[in-house]
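Biologist: Before I rely on any label in this model, I would like each one set against its cut-off. Shall we go through them in turn?

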Amino acid sequence: MEQDLSFIFNELGEERENYFNAVSPPIMQTSNFAFENISEMKMAFSDERKHSCYTRGKNPTVEILRKKVAALENAEDALIVSSGCAAISLSVLSCLKTGDHVVFVNNPYSWTNKLMTVILPRFGITADAVDGTDPENYRKAMKPNTKIFFMESPNSYTFELQDIESICNIAKENNITTIIDNSYATPLVQKPIDLGCDIVVHSATKYFSGHSDVVVGIIAGSHKKIDEIFHNEFMTIGSILSPNDAWLVIRGMRTMEIRMERIIKTTEKIVDFLSKHPLVDTIFYPFYEKSPQIDLAKKQMKSGTGLFSIKLKVDTLEQAEKFSNSLKRFLLAVSWGGYESLIMPSCVFYDPNKNQIPYDLVRLSIGLEDPNVLIEDLKQAFEQISI
Ligand SMILES: *Cc1c(COP(=O)(O)O)cnc(C)c1O
């Protein structure tokens, strides 16, 4: 059954009778909560997830957000944390001890890569990256001590997909926990829990909040797993979201569905324009009709979103830089998923002596602007490099 998104965004978790029936919830800007008597305090200590006792454990404003995101992901339970990276680190750490092994997808988000290749080895944990376009690569990389299959589908720059259901099936046969970074798709477009995934993490900094004004992360999964993470990594590492920031995300999510609709439509128009442009060599977009993984995309996602990359047909670094410098309506910035359109060109990282990153890729994040304004802007930037 289709989800009642209006209910999730407008009603779920609000309990307005607790705050004068105010339509917009209060920001409970408090670190702790007082008790009437000893027995109430004892009860609160018995489970800090159930009772508001101290804001690191449970804050009523954050709680409203927590309930909404769990429902959106079709998850039994969820946690809100202070960033997408915190969501990734806490959930990965929760499954590991010294001597364990992780299989993760090639070219994940840069700080996920750091976690896998630098931080985990410090604690005697090994991690192998695999080409995730073939699920069998996860099986081949598996060892007796493998505890996690980590996915990011699509990934952050070239948008390769992993067949989530097949990879989760291999994991289940072998008692391995699956974790997926679902930031690109959002639960509106892809629901990994329904495909058999154990833990879903998000940078809710992107489409959930949608206004480029807050950094926030989500962990969603079963009651059992989320409870374990809460009582261990979540409470000890303490990377919580402030009530004020939680309020911003609740407010951002009121329009998440219509923002996504608009962004997806605009992106399809822009991809169509770019696919016909002579200075575009390749388009990396999961729902581009010529994408090599279009069938898999259609199988596990409802659509693409507003993030994709293009490979420019340019001969020099200068031309690539000139294209990006010529765009006026796209802001030159990291991150994505906000109301504003952005570009993140690879020429920023290009260093022929140090890395293999090409200089001719440009990642675009499409915002809420009039599609024609964005197309005109791209047109004039291409003109700058075709003369
Ligand atoms: C931005 C991003 C993250 C990190 O999220 P933060 O909220 O910035 O910590 C993780 N994964 C992906 C795919 C991202 O784009």
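**Terms tested against values**

Biologist: Which of the 15 residues around the ligand come nearest?

Modeller: G84, D181, S203, T205 and K206 come nearest among those 15 residues, where being near requires a heavy atom within 4 Å of the molecule. This is a predicted model, in which local features need pLDDT of at least 70 and side-chain atom pairs count only at pLDDT 80 or more, whereas totals for chains, interfaces and linings use all residues. Residues are numbered from 1 along each chain as its sequence is written, and side-chain values use heavy atoms, with hydrogens and water left out.

Biologist: What makes the approach of the side chain of T205 to an oxygen atom of the ligand a polar contact?

Modeller: A polar contact is a pair of N or O atoms within 3.5 Å; within protein, one must be able to donate a hydrogen and the other to accept it, and residues adjacent in sequence count only if both atoms are side-chain atoms. An N or O atom in the T205 side chain is 2.6 Å from a ligand oxygen, so the pair falls within the limit. A polar backbone atom of G84 is 2.8 Å from an oxygen atom of the ligand, and an N or O atom in the side chain of W336 is 2.9 Å from a ligand oxygen. The protein covers 90% of the 380 Å² of accessible area that the ligand has on its own, areas being computed by the Shrake-Rupley method with a 1.4 Å probe, and for residues only the protein chains shown count as cover.

Biologist: Why is V249 called buried?

Modeller: Buried means under 20% relative accessible area, exposed over 50%, and partly exposed in between, with a 1.4 Å probe and protein chains only. V249 has a relative accessible area of 1%, so it is buried. This residue is found in helix α9, helices being DSSP runs of H or I of at least four residues and strands runs of E of at least two, numbered from the N terminus. In α9, which spans residues 243-253, P243, A246, W247, I250, G252 and M253 are also among the buried residues, and their cover includes α1, α3 and α10. With contact meaning heavy atoms within 4.5 Å, V249 touches L65, F208, S209, V214, V216 and L241, leaving aside neighbours within four places in sequence. The C-alpha atoms of V249 and T205 are separated by 8.5 Å, although the two are 44 residues apart along the chain.

Biologist: How do you know that strand β2 is largely enclosed by the rest of the structure?

Modeller: In β2 (residues 101-105), 5 of the 5 residues are buried, which means that the rest of the structure largely encloses the strand. In a regular strand the side chains alternate between the two faces of the sheet. Here H101, V103 and V105 point one way and V102 and F104 the other, and all are buried.

Biologist: What makes β2 and β3 a pair, and how do they run?

Modeller: Two strands pair if DSSP finds at least two bridges between them; β2 and β3 (residues 126-130) are joined by 5 bridges and run parallel, so they meet the criterion. F104 stands opposite A129 in β3. The chain passes from β2 through helix α5 (residues 110-122) to β3 in a right-handed β-α-β crossover, that is, with the strands pointing away from the viewer, the path from the first strand over the helix to the second runs clockwise. β2 also pairs in the parallel sense with β4 (residues 146-152), over 4 bridges, and there T146 is the bridge partner of H101.

Biologist: Why are β8 and β10 said to stand at the edges?

Modeller: An open sheet of 5 strands has the order β8-β9-β12-β11-β10, with mixed pairing. β8 and β10 each have a single partner strand, so one side of each is left without a neighbour in the sheet.

Biologist: What makes the backbone of F20 and N74 notable?

Modeller: Most residues other than glycine have a negative phi, and most peptide bonds are trans. F20 has a phi near 60 degrees and N74 one of about 55 degrees, neither being glycine. F20 counts as exposed at 84% relative accessibility, whereas N74, at 37%, counts as partly exposed. A cis peptide bond, with omega about -10 degrees, joins S153 and P154.
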